[in-house]
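Here is a protein model to read with care, one term at a time. Each question asks what lies behind a label, and each answer sets a value against its cut-off.

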Amino acid sequence: MNDQAYVRFHNIVKKFGTVVANDSIDLDVQRGEILAILGENGSGKSTLMNMLSGIYMPDSGSITIDGKPAVIRSPKDSIKLGIGMIHQHFKLIDRFTGYQNIMTGITSNTLGYKKSVKKITELMDKYELHIDLDKYVYDMSVGEKQTLEIIKVMFRGAEVLILDEPTAVLTPEEITKLFVILRNMRKAGHAIIIITHKLNEVMEISDRVTVLRKGKNVGTLNTNQTNILELTELMVGRPMEPIIRRVECEPGDVYLSVEDVTAYNHEGIKVLDNISFELSSHEIVGVAGVAGSGQRELCEVIAGLYPVKKGSVSCMNQEIVGKTPGEIIKMGVSMSFIPEDRLGMGLVSSMDITDNMLLKTYRDGKGLFINRNPAREMARNIVKKMDIVTPGISTPVSKLSGGNIQKVLLGREIESNPKVLVTAYAVRGLDIGASYTIYDMLNKQKEKGVAVLYIGEDLDTLIQLCDRIIVMFSGKIAGIVDARNATKEQLGLMMTGKVMMYV
Amino acid sequence: MNLTNLQLFLSAAVIAGTPLLFATLGEIITEKAGNLNLGIEGMMLMGAVVGFITAYNQGNPILALIAAFLAGAFGSLIYAFLTVSLRVNHEVSGLALTTFGTGFAGFLGQAYVGKVVPGNVRQAFGNIKIPLLGDIPFIGEILFNKDPMVYLSYIVVIIIGIYLYRTRKGLNLKAIGENPAAADAAGINISLYKYVNILIGGALCGLGGAYLSLIYVPAWQESVVAGRGWIAVALVIFVTWNPYKAIAGAYLFGGLDILGFRLQKFQLNIPQYFLDMLPYAATIIILVIASVKRSKKNLPPQSMGIPYFRENR
Ligand SMILES: Nc1ncnc2c1ncn2[C@@H]1O[C@H](COP(=O)(O)OP(=O)(O)OP(=O)(O)O)[C@@H](O)[C@H]1O
Ligand SMILES: [Mg+2]
């Protein structure tokens, strides 16, 4: 316990039906401090923070702020108490400009447009946050949206800043920038809570770290007195070695062959420029690149969702270009793309796990009526194999924690027994345990003879997991390297277009 | 002053469009709050009957309007309670309200069928020419030599325009319709906003109904609203939730409404049924066009029709 605590949780309990999301949690944070919260998917991190921001009310327990008891019944109460939260899924209005988003819900009617803009600009200068206030949110990049969220919260005079997985969707440069901002705020005396799954970030930015496991606080440590291994063990509940294993296999036949593929987006800009590579059975090929270098388009071309201007893609010597997505799935190509907002792609969030299985496999059914049994079987299987935290297979997907939703999606793709498995950003927002489960599953697929294309962000992972790495730079292939001799520095140079290299 | 045929037609179109305008404005702010209220027809009927009965018995035009206003608000209060507090499906609640309003008007109006609005009330709703504006050639007569309710509708348009585009409260309202979770996190009292706007929306529909029974007809008949509530639902889409465009849209449909009647005297070889069908056919065409041609700025409020509950996800 800490005597200078600014915000303190006492014995907080929160249940959703039978799920105990938070189980008697104590936690505190002081001014001028960055506290990291670490925990597996579904361990109750977002729930706990949502009680400070007024989205949820605790079932029991209390919160004090600056020593005084705080009753937070709504986000409004929370804002009044100087709490600002940047949610895991952004709370921005797409069809508003940045300025309008900042002003939404502001009660003091005294400031006119000019004065407000001036005040916002001063704020942006002070913390070195910069965005175009007149830009619509639907035109903003994820990094800009996040900056906007921070400005919005700071404009309301937040003393306490909560960031729920702010880095899951940011590029490395954006993360560096965010950390500079957070350090500025710490210096200015704010109390900051950051949730993240990336242990190196915890080590880099936080002063203290609290670990949650299955809804309980299992320990708070000073960051400079701990290490990644200890934190992992505390989080998972058993010792775990953070090393990704590469399964050595003899590459087999070529399963997927991409030749001279060129594609344009609807604005007529070239997004894929003469892309050629081959992917063989028993092989994991990684794709590295700065966000927006054509990874998404490449995935969609393979899945038959993006128009190809020139070139060909063939799976086991059968042309894919021109086929419908349904036909391509039947040929044995499976694609899963975890988008930046992590929702909305591939799953119907109001449907339960079983029905989401049916979405992909209903073609196998015969007759008029749906036979749910195989899907149920599959759902149970995936829940078990991937350790999905859920009350049952008939819970709507939207009720699961962010990371668990993703496991459902990936599990389904892998269970469909593909020949070619394309997966993009599979571990976005996943905790270490879950990430390793996924690496293991990919390795198993590789052993079974599946050809895997793994689009990733983390270079260490790519180097450790893959056989070869394709580096993309603004729609082109900047090089294909053997992962066994690749270095991060070399990949970094290629990603920025400074070096081209083929192996 | 000698009015041309066209001028006469346009002048009548404004009058026929005014009840649509009130209803459309009411539905615009309701939908901006994220609530799709399909009960317009019912609320218009409630306003029409209550307004008429008050005028008939009290002989007081102001009182009649206030009563119609409150009747519409009462109808929407039922809807608001169902959709905001109980989070019942919006479409079902709206349809129930229409059924309720129809029954309500039929029941209360039973004794008044065929009765006419008292003379002094009709006089009070007579045309008043606005100085200067009324003298503008051509359009002066069409827009500024009208009954007081038409002028009231202009004022409502301006107020709602300022509300939606110039005030913080309007910004908050739009935020709720777009993304209630974001608005909630920004500290906006969602239920309060929804209630207030749905109630005002309903009250405006009530006024629209009263315009029909007090000025347009001006007598009581059960079929006085005749599907105009449904046309207003489509008009909202047609005018892309914009109160200023609502004026033009409402008058266009007002024009279509009276076109058949006006064309009769030209002895055209078009069946009457076809002409009567015009406004409804146009409604369908509009909905088709609106669904084909969508731009990012003209989309409906994104969360319209979805009940909001903070702890849900
Ligand atoms: N609104 C809700 N309704 C029902 N269950 C919920 C709700 N919110 C959270 N839960 C459940 O509570 C548990 C904790 O969820 P929470 O979102 O807090 O996890 P988390 O630690 O933030 O995970 P992640 O890292 O995946 O974001 C999960 O089992 C989740 O399914
Ligand atoms: Mg979370």
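Q: How many salt bridges does the structure hold over all chains?
A: In this predicted model, there are 29 salt bridges over all chains.

Q: What makes the contact of Glu457(A) with Arg428(A) a salt bridge?
A: The closest N and O atoms of Glu457(A) and Arg428(A) are 3.2 Å apart, and a salt bridge needs a side-chain nitrogen of Lys or Arg within 4 Å of a carboxyl oxygen of Asp or Glu, so the pair counts as one. The two residues are 29 residues apart in the chain, with Glu457(A) in the loop between β18 and α15 and Arg428(A) in the loop between β17 and α14.

Q: Why is Glu457(A) called partly exposed, and why is Arg428(A) called buried?
A: Glu457(A) has a relative accessible area of 37%, which falls between the limits of 20% and 50%, so Glu457(A) is partly exposed. Arg428(A) has a relative accessible area of 5%, and because buried means under 20%, Arg428(A) is buried.

Q: How do you know that Asp467(A) and Lys446(A) are joined by a salt bridge, and why are Asp467(A) and Lys446(A) given their accessibility label?
A: Their side chains meet at 3.1 Å, N to O, which is within the 4 Å limit. Asp467(A), at 7% relative accessibility, counts as buried, and Lys446(A), at 0%, is buried as well, because the label applies under 20%. Both residues also belong to a network of salt bridges, which includes Arg246(A), Glu248(A), Asp482(A) and Arg484(A).

Q: Why are Ser46(A) and Gln88(A) called donors of the magnesium ion (ligand 2)?
A: The OG atom of Ser46(A) and the OE1 atom of Gln88(A) lie 2.0 to 2.2 Å from the ion, and since the cut-off for a donor to this metal is 2.8 Å, both atoms count as donors. Ser46(A) lies in helix α1 and Gln88(A) in the loop between β6 and α3, so the pair ties together parts that are 42 residues apart in sequence. Both residues are buried.

Q: What makes Ile139(B) eligible for the nonpolar surface patch that it forms with residues including Leu6(B) and Phe138(B)?
A: Ile139(B), found in helix α6 of chain B, has a relative accessibility of 38% and counts as partly exposed. Patch residues need over 30% relative accessible area, so Ile139(B) passes that limit. The patch, to which Leu133(B) and Ile136(B) also belong, is about 390 Å².

Terms used: Residues are numbered from 1 along each chain as its sequence is written. Chains are lettered from A and ligands numbered from 1 in the order in which they are written. This is a predicted model: local features need pLDDT of at least 70, side-chain atom pairs count only at pLDDT 80 or more; totals for chains, interfaces and linings use all residues. Side-chain values use heavy atoms; hydrogens and water are left out. Donors are N, O and S atoms within 2.8 Å of the metal (3.2 Å for Na, K and Ca); water is not among the atoms, so sites may look incomplete. Helices (H or I, at least four residues) and strands (E, at least two) are DSSP runs, numbered from the N terminus. Buried means under 20% relative accessible area, exposed over 50%, partly exposed in between (1.4 Å probe, protein chains only). Patches are made of residues with over 30% relative accessible area and no salt bridge: like charges are joined within 9 Å, nonpolar side chains (Val, Leu, Ile, Met, Phe, Trp, Tyr) within 5 Å. Accessible areas come from the Shrake-Rupley method with a 1.4 Å probe; for residues, only the protein chains shown count as cover.
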